[in-house]
Amino acid sequence: MAAVTERSRLSDFMWPALAWIVALVFFFPIFWLVFTSFKTDADAVKPEHLFFFTPTLENYTNMTENYDYWRFATNSVITSTFATLFALAVGVPCAYAMAFNPSKHTKDILMWMLSTKMLPAAAVLYPMTFLTKNFLGIFDTHFLVILVLCLINLPIAIWMLFTYFKEIPKEIIEASKMDGVTTWGEIKDILIPLAWGGVASTALLTFIFCWNEAYWTVRLTTVDAATLSKLIEGNRAPEGLFFGRLAAVSTAAVGPIVVLGWFCQKQLVQGLTFGAVK
Amino acid sequence: MAGLTLRDVRKSYGATQVMHGVDLDIEDGEFVVFVGPSGCGKSTLLRMIAGLEEISGGTVAIGDVEVNEVAASKRGVAMVFQTYALYPHMTVYKNMAFGLKQAKTDPKEIDRRVKDAAEILQITDYLDRSPRNLSGGQRQRVAIGRAIVRDPKVFLFDEPLSNLDAALRVQTRLEIARLHERLETTMIYVTHDQVEAMTLADKIVVLRDGRIEQVGSPIDLYEQPANSFVAQFIGSPKMNFFAISDLASGASTNLGRELGSDEHVGLRPEHLVPTDGSAVVEGKMELVENLGEYALVHLTTETGVEFIAKTEKPPSVAKGSTIGFSIKPELAHFFDKSSGARK
């Protein structure tokens, strides 16, 4: 008995300590980013100013006044929001069909969708640029960014939704059929309320992925539809190393999504572990 | 209200046929029970009537209307599921009102019907609760209530009691019987429990491997089973079967005739009477289950066939002794050995 108590006391102490260490290790880069953003570019590279320096908001004022931060931010909000909405608008009916009326090819389709994520993005860079710039003329438009963000996140969104919908007992859907709901009513009144946690976390995750996407948003935009990823990219040392400025831009770019994630933490964890615990 | 007519109803999944042409007539207001071992197709048949499974061949008509191509909600049937299948995110009231709302029924009419049904099922006090705060029995009542409010022509029950505990099962069984008496609506009920079938049904349909074995009243099935499968399925403990070599010397006197070598005789445990005189069958007593009200005596014949006799009192002889049993000739059932058909 004594051994059991002792061991549990040790683990009572050990696990939280370990958790703190891991959390701090993960948090450190973010902390350092924010910390550096309050240094001048000169201070940021001087070892003697590593921890002690005079904090300044210069980088932030510079960013909003000279680098048009709000335009990039607005573009990020618009493209991420609409890409998420479109991904759900397509993903929900698609996952519904596969979860409740599967054909013998459903598994193959799911695998195929996932396989599109295995294609290296760089491999289609040239055709994508050529097509959108010279052929379709939609280069650097919101429409293109939304379309691309929606399409690259659709496989993950459908997989997630499919998993959540699978958890809903088939009889409930059948009961609603007997009650005479239309397909749309079934999705609206039964499916989405029952899988609400799952739909919300899918939306949130899709939004985060869209916001953070950098490969295509940087390469398929120049000015009009450029997102925050492009702003960071644009501040990446063409004229030397401006770590203070870069840190401020990066902080302002990841800030909103960190805050959003923080507030939706519970929803997100619940949604992501939904299938696991049942 | 309406009767049902099934003509040559077939169901296949790909190349596998699971229903092999079912013909059945159900009268208006009748309580029909589909019974059979698991995998016999009873639930599939019910779901085809409900409109949840496509009909691969043949026709299903409700009243005079063929419903093969009619949507589930337009067939005028209501179903009670084994797992209740209530909408977890709606209150009891909303669960019951949902179907009527879909049919765009007048809200006042919805309210009246929901309250009437709640009254009948004594769930008025739970109308504002959500299903997760109800017990299994209460949930099942709500599921039945959801069916009642739609005022269907036919009620369909898919093993509605199998998720309830034994005491509640008996009580709910009675309530369903009362409900049928009160509503006088056609009801089709699927179960694998022959006690439910015997107590509830006007008409029992025994199914095996996607075919109807026999249709008849409970007492018909008990007294005149059409074949050895039905004979064994109906009655508890199940009927004992013997070949001529298993029987005692006084068999033909007891049975009133000789048993052919191509025949089996079926003797129900409750019809075997211990005797010192001429016996139809004799066995060595292996085990006695004394249930107070009656005793189940497990025996083995000299040829090694195990059988059960249901007696009023446990036999007063020691374990291992041989006991002889007699039977009235009219209570013996004769079946063809190879086909199983009644003779």
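In this predicted model, the C-alpha centres of domains 1 and 2 of chain A lie 33 Å apart. Domain 1 of chain A is built from two stretches of sequence, 1-67 and 235-253. Domain 2 of chain A covers residues 71-228.

The secondary structure of chain A is quickly described. Chain A has 14 helices and 0 strands. Its pattern along the sequence is therefore α repeated from start to end, where helices are counted as DSSP runs. The chain has 278 residues, and its radius of gyration is 23 Å. A compact globule of that length would have a value near 19 Å. Along the principal axes, the C-alpha atoms of chain A fill a box of roughly 75 × 70 × 30 Å. Buried residues account for 32% of the chain. Contacts in chain A were also sorted by separation in sequence. Among those between residues at least 6 apart, 78% join residues at least 24 apart.

Chain B was also assigned two domains. Domain 1 of chain B spans residues 4-233, and domain 2 of chain B spans residues 240-336. Their centres, taken over C-alpha atoms, are separated by 39 Å. The contact between these domains involves 4 residues of domain 1 and 5 residues of domain 2. On the domain 1 side, 2 of the residues are nonpolar and 2 are polar. No charged residues occur on that side.

The two chains touch each other. Chain A gives 14 residues to this contact, and chain B gives 16. Two helices of chain A, α8 (170-178) and α9 (183-194), each supply at least two residues of the chain A side. The largest share comes from α8(A), with 6 residues. By class, the chain A side holds 8 nonpolar, 2 polar and 4 charged residues.

Next comes the nonpolar core. In soluble globular proteins, nonpolar side chains tend to be buried together. Here the largest nonpolar core has 149 residues. Four of its members touch the most other members: Leu161(A), Val33(B), Ile49(B) and Leu156(B). Helix α7 of chain A, residues 142-166, provides the largest share of this core, 14 residues. Leu161(A) can be followed further through its contacts. With residues up to four places away in sequence left out, Leu161(A) touches Gly91(A), Val92(A) and Ala95(A). Leu161(A) also touches Gly198(A), Val199(A) and Thr202(A).

Val33(B), another of these core residues, leads to the strands of chain B. Strand β3 of chain B (residues 31-35) runs parallel to strand β9 of chain B (residues 203-208). The two are joined by 4 bridges. Within β9(B), Ile204(B) is the bridge partner of Val33(B). Strand β9(B) also pairs with strand β10 of chain B, residues 211-216. This second pair runs antiparallel and is joined by 5 bridges. Here Leu207(B) stands opposite Ile212(B) of β10(B). Strands β9(B) and β10(B) form a hairpin with 2 residues between the strands. In this hairpin, Asp209(B) takes a positive phi near 50°. In a regular strand, side chains alternate between the two faces of the sheet.

Methods: Residues are numbered from 1 along each chain as its sequence is written. Chains are lettered from A and ligands numbered from 1 in the order in which they are written. This is a predicted model: local features need pLDDT of at least 70, side-chain atom pairs count only at pLDDT 80 or more; totals for chains, interfaces and linings use all residues. Domain bounds come from an automatic or database domain assignment. Two residues are in contact if their C-beta atoms, placed from the backbone, lie within 7 Å. Ala, Val, Leu, Ile, Met, Phe, Trp, Tyr, Cys and Pro count as nonpolar, Asp, Glu, Lys and Arg as charged, and the others, Gly among them, as polar. A nonpolar core is a set of buried Ala, Val, Leu, Ile, Met, Phe, Trp, Tyr and Cys residues joined through C-beta atoms within 7 Å. A residue is buried if 20 or more other C-beta atoms lie within 10 Å of its own, exposed if 12 or fewer, and partly exposed in between; C-beta atoms are placed from the backbone. Two strands pair if DSSP finds at least two bridges between them. The radius of gyration is taken over C-alpha atoms; the globule rule is 2.2 Å times the number of residues to the power 0.38.
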